[in-house]
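Grab a pencil and have a look at the model below. A few short exercises follow, each with a solution worked step by step.

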Amino acid sequence: MMSTCPICGRPAAPRSQNNALPFCSARCKQVDLGEWLDEKYRIATSYDGDASEAIADSPNAVEHSHEEKP
Ligand SMILES: [Zn+2]
């Protein structure tokens, strides 16, 4: 059975070919360990104030906007 990388969601190769399990690669493993957290933080702060846009991106929110009042 193939496991899925918790970081990028891609299928992770079997242990015999992949010593980074449960991640798909050493790169994703590093992300999980927080080694790239600093970089992630910089990206996140550049979107400061866009929280409402992230919510509108969810399917549920879109559905709500189509709701008509009687
Ligand atoms: Zn991955």
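**Exercise 1.** In the protein chain, where is confidence lowest, and where is it highest?

*Solution.* Start with the ground rules. This is a predicted model, where local features need pLDDT of at least 70, side-chain atom pairs count only at pLDDT 80 or more, and totals for chains, interfaces and linings use all residues. Residues are numbered from 1 along each chain as its sequence is written. Here pLDDT is the predictor's confidence in each residue, from 0 to 100. Helices (H or I, at least four residues) and strands (E, at least two) are DSSP runs, numbered from the N terminus. Now the answer: helix 3 (residues 51–56) sits lowest at a mean of 56, while strand 2 (residues 11–12) tops out at 95. The chain's mean pLDDT is 74, with 51% of residues at 70 or more.

**Exercise 2.** Work out the order of helices and strands along the protein chain.

*Solution.* Count first: four helices and two strands. Then read along the sequence, which gives β-β-α-α-α-α.

**Exercise 3.** Is Pro 14 buried or exposed?

*Solution.* Locate Pro 14 in the loop between strand 2 and helix 1. Next, the cut-offs: buried takes 20 or more other C-beta atoms within 10 Å of a residue's own, exposed 12 or fewer, partly exposed in between, with C-beta atoms placed from the backbone. Pro 14 has 11 within 10 Å, so Pro 14 is exposed. Chain-wide, 7% of the 70 residues count as buried.

**Exercise 4.** Which residues does a cis peptide bond join?

*Solution.* Leu 21 and Pro 22, with omega at about 5 degrees. Pro 22 lies in the loop between strand 2 and helix 1 (26–33). For background, most peptide bonds are trans.
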